[in-house]
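Let's take a friendly walk through this structure together. Keep the sequence and the 3D view side by side as you read.

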Amino acid sequence: MTDYELIRSKRRSLELRVLDDGRVQVRAPLRASLRMVQAFVDSRRQWIADQQHRQASRPRQRWQDGAAFPFRGQPLTMDVSAGRNGVAVSGSYLQIRVPEPDSEPAVRQVLENWLRKQARTLFEDSIARQFPWFASQGYSQPVLRVKKMRTRWGSLSARGYINLNMALLHYPPAALDYVVMHELCHLQHMDHGPGFHALMDARMPDWRQRKQLLEQPLFQP
Ligand SMILES: [Zn+2]
């Protein structure tokens, strides 16, 4: 029998989720009977097993002393020790101070907070360097939103936001600048047609090489 966590809420249908760590959650309407929930889980047993297998076979980031952590294309190693929360790059090490150095969730949290701040600074910098030409064409600067996204590196919304994936920080700066340029070019061309590619070629002639840097998946956070 499959173990699962049941979360009831005001909703109409049953929903099944397999979390990154393989745990199973069922979201159910307030009044759904346990028997109904169990039958639902049983009917999806093969799907659950397939999802769990997929999760388990992915390369996974560890959040502990000695774990690899690529940052801006550099293969850093985590150096975790007890102390007040703080993160710093020192040579080939990422020094992480946290009150509970043996707790992976605690290490992950302090590191992700740091990463989010780094993302904001470095993404803003990339936009500031690449936006002036677009400003000269009369476009207004999109507002940055730093996101965790599973399936895309970035997007540009018609409402004036540029969304960038925090995971870009693992890749070399040249790759980050490529994604920012790609999204900025969508100010002029919303699709990926010939006009878009001509603009990319004009603004960033080596964009194809830069794009290749992103094709190697480093890990799934
Ligand atoms: Zn695009």
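At the start of α3, which backbone nitrogen does a side-chain oxygen of S103 reach? Turn to that end of the helix and you will find that the partner is the backbone nitrogen of A106, with the S103 oxygen within 3.1 Å of it. Bear in mind, here and throughout, that you are looking at a predicted model.

Now follow α3 along its length. The helix covers residues 104–130, 27 residues in total. From its first C-alpha to its last it reaches 37 Å, close to the 39 Å expected at 1.5 Å a residue.

Step back next and take in the whole chain. The domain assignment splits it into domain 1, spanning 5–56, and domain 2, spanning 68–212. Between the C-alpha centres of domain 1 and domain 2 there are 34 Å.

Let's look into residues 34–43, which form helix α1. Here V37, Q38, F40 and V41 are buried. Seen down the axis of α1, these buried residues fall within an arc of 160 degrees, so they line one face of the helix. The spacing fits a familiar rule: an α-helix has 3.6 residues a turn, so residues three or four places apart point the same way. What do the buried residues of α1 pack against? Their neighbours are the strands β1 (5–9), β2 (15–18) and β3 (24–29), together with helix α2 (45–56). Rotate to the other side of α1 and you meet R35 and S43, both exposed.

Helix α2 deserves a stop of its own, at Q55. This glutamine counts as buried, because its relative accessibility is 10%, under the 20% cut-off. Leaving aside residues up to four places away in sequence, Q55 touches V18, L19, D20 and R60.

Moving on, find the loop between β4 (68–71) and β5 (74–82), where R72 sits. Most residues other than glycine have a negative phi. R72, though, has a phi near 50 degrees, a positive value in a residue other than glycine. Is R72 buried or partly exposed? With a relative accessible area of 27%, R72 is partly exposed.

Our last stop is the zinc ion. Its protein donors are the NE2 atoms of H182, H186 and H192, lying 2.0 to 2.1 Å from the metal. Along the chain, these donors follow the spacing H-x3-H-x5-H. One of them, H186, is buried, with a relative accessible area of 6%.

Note on methods: Residues are numbered from 1 along each chain as its sequence is written. This is a predicted model: local features need pLDDT of at least 70, side-chain atom pairs count only at pLDDT 80 or more; totals for chains, interfaces and linings use all residues. Side-chain values use heavy atoms; hydrogens and water are left out. Donors are N, O and S atoms within 2.8 Å of the metal (3.2 Å for Na, K and Ca); water is not among the atoms, so sites may look incomplete. Buried means under 20% relative accessible area, exposed over 50%, partly exposed in between (1.4 Å probe, protein chains only). Helices (H or I, at least four residues) and strands (E, at least two) are DSSP runs, numbered from the N terminus. The arc is that of the directions from the helix axis to the C-beta atoms. Contact means heavy atoms within 4.5 Å. The expected span of a helix is 1.5 Å times one less than its number of residues. A polar contact is a pair of N or O atoms within 3.5 Å; within protein, one must be able to donate a hydrogen and the other to accept it, and residues adjacent in sequence count only if both atoms are side-chain atoms. Domain bounds come from an automatic or database domain assignment.
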